[in-house]
Amino acid sequence: MAIKWAPLLWILLAICLSGGAHAGALTVAPDLQPTSLTSHLRLLEDTSGQLAFEQLQTPEYRAQLQPWTRSSANFGFSRSAYWAAFSLRNPGDRPLPLVIRQDYLLIDHLDFWAQDDGGRWQKLSTGDRLPFDSRGLALRDFVFPVTLPAQSERTYYLRYATQGSLNIGLSVSSETAFLPRLSLEQLLLGIYYGGFLVLVIYNLFLFLAVRDKAYVYYMGYALSYGFYFSIHNGISFQFLWPGNPWLANESLVILLGLSTIFGTQFAREVCAGPQLAPRTDWVARTLMYSMVPLTLAAPFFEYRPMILIFAGITLALCVVLLALGTISLLRGSISARYFMVAWVALLSSVIVYLLKAFGLLPHNDLTHNAFQVGALVEMVLLSLALGARVSEIQKRGYTDELSRLYNRRHFDEQLPREFNFAARSGTPLSLLVLDLDHFKSINDRYGHRRGDQAIHAVGQLIQRKVRKPVLACRYGGEEFAILLPRTSGEQAAVLAERLVLRVAELELDGMSLTTSIGVASFEEATSARRCSCSRPRMRRCIGPNKRGGTG
């Protein structure tokens, strides 16, 4: 009985072994859409980097190719070489033209082995350390066209070696499915870089009109970032310097440094760092200055340590500039609002990309493109921040820095407009002129610094007590003017009395402060100009109807 069962056992064993050998193979079809090969990979880490392909074909090393069970194959910065093998099966009656694609481009050396019709191994050596024409197809990605014979199964091998972050992002598709996807990607890239170009040109015209140096920093930031991503995507290598692998690699670090320098300087300018957050600004400026010699020295040092140093400084700058934007926002900067949203968007995308680069997040379309998408979103928001900055600059031209009220220039422009409007519409218009009493003696006794504190305190008090459309200005020295549209003389007098009391109640570290306020009103209904006066106790009153007074 045992003899009769022996052939059957041998057949079952052969079937099991055959099934195990084909367990990792991917079955392909003529209409195969782009399909990830990650779950079909067998990998071997070569720590010495000396393993040859002929050695890999021996049973000893082939047994060391282990199935990859994770969702992605990214290994961060590694000095090892990695061998990848995968098998494809064509059960059909016709040969299938296929496209094998490696979507992560920053690979120094990438070797690909496939069998020809005679079963002989053919090697293609490429990578971004070799001229662009070393690639199988003249495309920005590493693309390997193969033809899988009918009713056959073949195994393909790749060897990865790079100084940077290593990501194995292999996929396979039929030729008919690959071409439409390629066209779509080219369209999206055109839109992406077109967006960068539009932002640069738009802000160039604004710079020519405004002449604000923040626009120069923005354009430098956008251009260096745009060129950085064009290298990251392989476009620069394909179209700008296909015969210069050295420039293709070193320009990546140089442009990363330039974008960091311009971005930091832009952030300091748009957030008014030296004025609103001097200490945090000093830290940002120090880190930025450290990037200058590193950027200049980058081409003369090994890529791996330089990119790690740059990554560390970039992360530190992200945190510092986030703090700078927060402080500026809390201290009233309008443009800092847009900056903060933009910086959070970029910071989130940078963290995602770096975690992917160091092997802590999987390599997929989301993590691979997060940095690029976040950068474009940031550029749009920063352009809005520049627009808000222009508004702030214009407002500063009409604002008194000490009292934080409008200045006399703005008052002189608005007074005739409001007067004409009141005359046309028949609505009343009132004016309060507030003068701090004995202000010269305050400066003489307490010093000009305390006098400035008094001006600031009164300005803030007026700002709290009046609302639009009331226009409050510092007219000059210790005088303030408050223009009250659609307000009668009686209503203005009530406000004047309140302000007199509130000024006297101010607590200024033992320094007493009093004021006199003159009230003038224009009321078309009475066809006369009326003037009244608010007289606190025996204080001096300013009004056009008072002897020796001023209006």
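A polar contact is taken here as a pair of N or O atoms within 3.5 Å; within protein, one of the two must be able to donate a hydrogen and the other to accept it. With that in hand, a good place to start in this predicted model is Asn90, a residue of strand E6, which spans residues 81–90. A polar atom of the Asn90 side chain lies 2.9 Å from the backbone oxygen of Arg94. The Asn90 side chain also places a polar atom 3.3 Å from the backbone oxygen of Leu148.

The surroundings of Asn90 fit into the same picture. Its relative accessibility is 2%, so Asn90 counts as buried, the cut-off being under 20%. Leaving aside residues up to four places away in sequence, Asn90 touches Val28, Pro95 and Leu96, together with Leu148, Pro149, Ala150, Gln151 and Ser152.

One of these neighbours, Gln151, deserves a closer look. Gln151 belongs to the loop that links strand E10 (142–148) with strand E11 (152–161). In contrast to Asn90, which is buried, Gln151 has a relative accessibility of 59% and therefore counts as exposed. The backbone of Gln151 is also worth a glance, with a positive phi near 50° in a residue other than glycine. Most residues other than glycine have a negative phi. Ala272 likewise is not a glycine and has a positive phi, of about 55°. Ala272 sits in the loop between helix H7 (245–270) and helix H8 (273–276).

Further along the chain, attention turns to strand E16, which covers residues 479–485. Of its 7 residues, 6 are buried, so strand E16 is largely enclosed by the rest of the structure. Strand E16 has antiparallel pairings with both E14 and E15. Strand E14 (residues 429–436) is joined to E16 by 7 bridges, and here Leu432 stands opposite Ile482 of E16. Strand E15 (residues 471–476) pairs with E16 over 5 bridges, with Leu471 and Leu483 of E16 as bridge partners.

Strands E15 and E16 also form a hairpin, with 2 residues between the strands. In this hairpin, Gly477 takes a positive phi near 60°. Positive phi values are thus found at Gly477 in the hairpin, at Gln151 and at Ala272.

Definitions and conventions. Residues numbered from 1 in each chain as written. Predicted model: local features only at pLDDT ≥ 70, side-chain atom pairs only at ≥ 80, totals over all residues. Heavy atoms only, no water. Buried < 20%, exposed > 50% of the residue type's maximum accessible area, 1.4 Å probe, protein only. Helix = DSSP H or I, 4+ residues; strand = E, 2+ residues; numbered from the N terminus. Pairing = 2+ DSSP bridges. Contact = heavy atoms within 4.5 Å.
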